Amino acid sequence: MNFKVGMISLGCPKNQVDGEIMLQKLNKSGFETAQSIENSDLMIINTCGFIEDAKREAIETILEVAEYKTAGLIRAIVVTGCLAERYQDEILKEIPEVDSVVGIGADKDIVKICQKALMGIQTSFYPDKKYLLLEGDRALSTPSHWAYIKISDGCDNKCSYCAIPSIRGGYIERSMESIINEANDLAEKGIKEIIIVAQDTTKYGIKLYGEYKLPELLKELVKIDGIEWIRLFYCYPDRITDELIDVISQEEKVCSYIDIPLQHCNRDILNAMNRNGSYDSLKELLCKMKAKIPNLALRTTFMVGFPGESDEQFEELCRFVKDIKFDKMGCFTFSPEEDTPAFEFDNQISEDIKKRRADVLMDIQYSITETSNKSRIGNVYKTVIDKKEEEHYIGRSYLDSPEIDSGIIITSSRELNPGDFIDVRITDYDGYDLIGEEI
């Protein structure tokens, strides 16, 4: 009998890649992939545990799947990922319907773990994080034309609010050869857009080669036939070098799009976060990038409500957002995470104030986006088709990353398929989305 396994992967793209590697191991061992909970014999919940909202989502998901087991619709539940690594046997204690809880270093043993769960054998296994799989064959869970590539994992930055180093461990990275081989394999499978992810993408190379190698890696990836776009995520501002800026500017396949999670702009808040920078230094970097990379799309994330953040410091952040005019911006409120220095900081800020500040910052960004979208009317963009919806298509230009950004609502006189690249003239906008027509 071939058992059917389903997976719910929560959190970041890096976690999603881990899930894809585990699924492929299961597929190769004879498990079939199920597309829904009710059609599964076993469910894997690949959790996130980064901040309070992520933990809540993970626990709610586990409880929801547990109801299927209680009703006799599935046989076993395995919990993996960051929440499992962080809270370990607490999950088994609090949610007895769960059969197995395993840490991130156990991903390589997922087949045995699932087999045991189906036999009624409980597994509680947390090997060293150094055994986390950085590479391997994957059962892609993304659409057929784009995929993530994880080039490293773990983190040594030790930001005072962040639990990632304690959850994922220290910084580790893959060889350039293995990354290029994977990108070639993806291209042969029809992938046209690859998104480079890591905990700290710009640090790539320092562990294996003793120097930053992201620019060199990009120069090799652009040589791969079939790859149209390469997109960069999670770039640390301290390590955005002139060489990296030049590569983004000069290589046509490297999207003029970069994700730089800045977190704040106030020097004192950044110092308390154990991060570098200030309003002036960050502005200087971003302005240099804009000057050297034509039509650069900047994405960032900010944290509001960090302990001790004054009204004046928050207002400085608001000025910074108005000043820089980011193309894409996310905002989340400070989440006090146990086992991080900031958990013990004085001057914790109330949830009401945090939420109000987040709303204010996102309102500012919405106005910026509206003005920007209006200015794009009449422009023509190379656009990839993601899907069809009723009488129109949804696509993206280089300005938009899948899953987290907006897109373009497109009309066309011909039949289009996901992964097709076309030219689109922007005719209007609707909130964050652009509206256009194929030309």
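Which backbone oxygen lies 2.7 Å from a polar atom of the side chain of serine 160? I began my notebook with this, and I found that the oxygen belongs to alanine 272. I note at the outset that I am reading a predicted model.

**Entry 1: two serines**

I placed serine 160 in the loop between β8 (152–153) and α6. I then looked up its relative accessible area, which is 5%, so serine 160 is buried, the limit being under 20%. Its side chain therefore has a buried setting, and there a polar atom of that side chain has the backbone oxygen of alanine 272 at 2.7 Å.

I turned next to serine 178, which is found in helix α7, a helix that spans residues 176–188. Its relative accessibility is 11%, and because that is under 20% I count serine 178 as buried. A polar atom of the side chain of serine 178 lies 3.0 Å from the backbone oxygen of serine 175.

**Entry 2: the chain as a whole**

I stepped back to the whole chain and found 13 helices and 19 strands in it. The radius of gyration is 22 Å, close to the 22 Å that the globule rule gives for 439 residues, so the chain is as compact as a globular protein of that length. Taken along the principal axes, the C-alpha atoms fill a box of roughly 60 × 60 × 45 Å. I also looked up how much of the chain is buried, and the share is 56% of the 439 residues.

**Entry 3: strands toward the end of the numbering**

In which sense, parallel or antiparallel, do β17 and β19 pair? Strand β17 covers residues 408–411 and strand β19 covers residues 433–438, and I found that they pair in the parallel sense over four bridges. Following one bridge, I saw that threonine 411 has glutamate 437 in β19 as its partner.

Strand β18, residues 421–430, runs antiparallel to β19, and six bridges join the two. Here I noted that valine 424 stands opposite glutamate 438 in β19. The strands β18 and β19 form a hairpin with two residues between them, and in this hairpin glycine 431 takes a positive phi near 65°.

**Entry 4: positive phi without glycine**

I then looked for positive phi in residues that are not glycine, and I wrote down two of them, tyrosine 234 and glutamate 403. Tyrosine 234 has a phi of about 55°, and its place is in the loop between β11 (229–232) and α9 (242–250). Glutamate 403 has a phi of about 80°, and this residue is found in the loop between β16 (392–396) and β17. Is glutamate 403 buried or exposed? Its relative accessible area is 55%, and because that is over 50%, glutamate 403 counts as exposed.

**Entry 5: the largest pocket**

Rolling a probe the size of a water molecule over the atoms shows where empty space is left. I looked up the largest pocket, which holds about 1,200 Å³ of space. Of the 43 residues that line it, the closest to its centre are Cys12, Lys14, Phe50, Tyr234 and Thr301, and I recognised Tyr234 from the entry on positive phi.

Several elements each supply at least two residues of this lining, including α1 (13–28), α2 (52–70) and β13 (297–304). Helix α1 gives the most, with four residues. By class, I noted 23 nonpolar, 10 polar and 10 charged residues in the lining of the largest pocket.

**Entry 6: closed spaces**

How many cavities of 30 Å³ or more does a search of the whole structure find? The search finds two.

The largest cavity holds about 100 Å³ of space, and among the residues that line it are Asp327, Lys328, Arg376, Asp400 and Tyr432. Helix α13, residues 351–375, gives the most to this lining, with three residues. The classes here are three nonpolar, five polar and four charged residues.

The second largest cavity holds about 40 Å³. Its lining includes Phe50, Ile51, Tyr161, Met303 and Glu337, and by class the lining divides into six nonpolar, one polar and one charged residue. I closed the notebook on Phe50, which lines this second largest cavity and is also one of the residues closest to the centre of the largest pocket.

Technical notes
Residues numbered from 1 in each chain as written. Predicted model: local features only at pLDDT ≥ 70, side-chain atom pairs only at ≥ 80, totals over all residues. Heavy atoms only, no water. Pairing = 2+ DSSP bridges. Buried < 20%, exposed > 50% of the residue type's maximum accessible area, 1.4 Å probe, protein only. Polar contact = N/O pair within 3.5 Å; in protein donor to acceptor, adjacent residues only side chain to side chain. 1 Å grid on protein atoms, 1.4 Å probe; cavity = no way out; pocket = protein on both sides within 12 Å on 5 of 7 lines; lining within 4 Å. Points joined across faces, edges and corners; volume = space filled by probe spheres on them. Nonpolar A, V, L, I, M, F, W, Y, C, P; charged D, E, K, R; others polar. Rg over C-alpha atoms; globule rule 2.2 N^0.38 Å.
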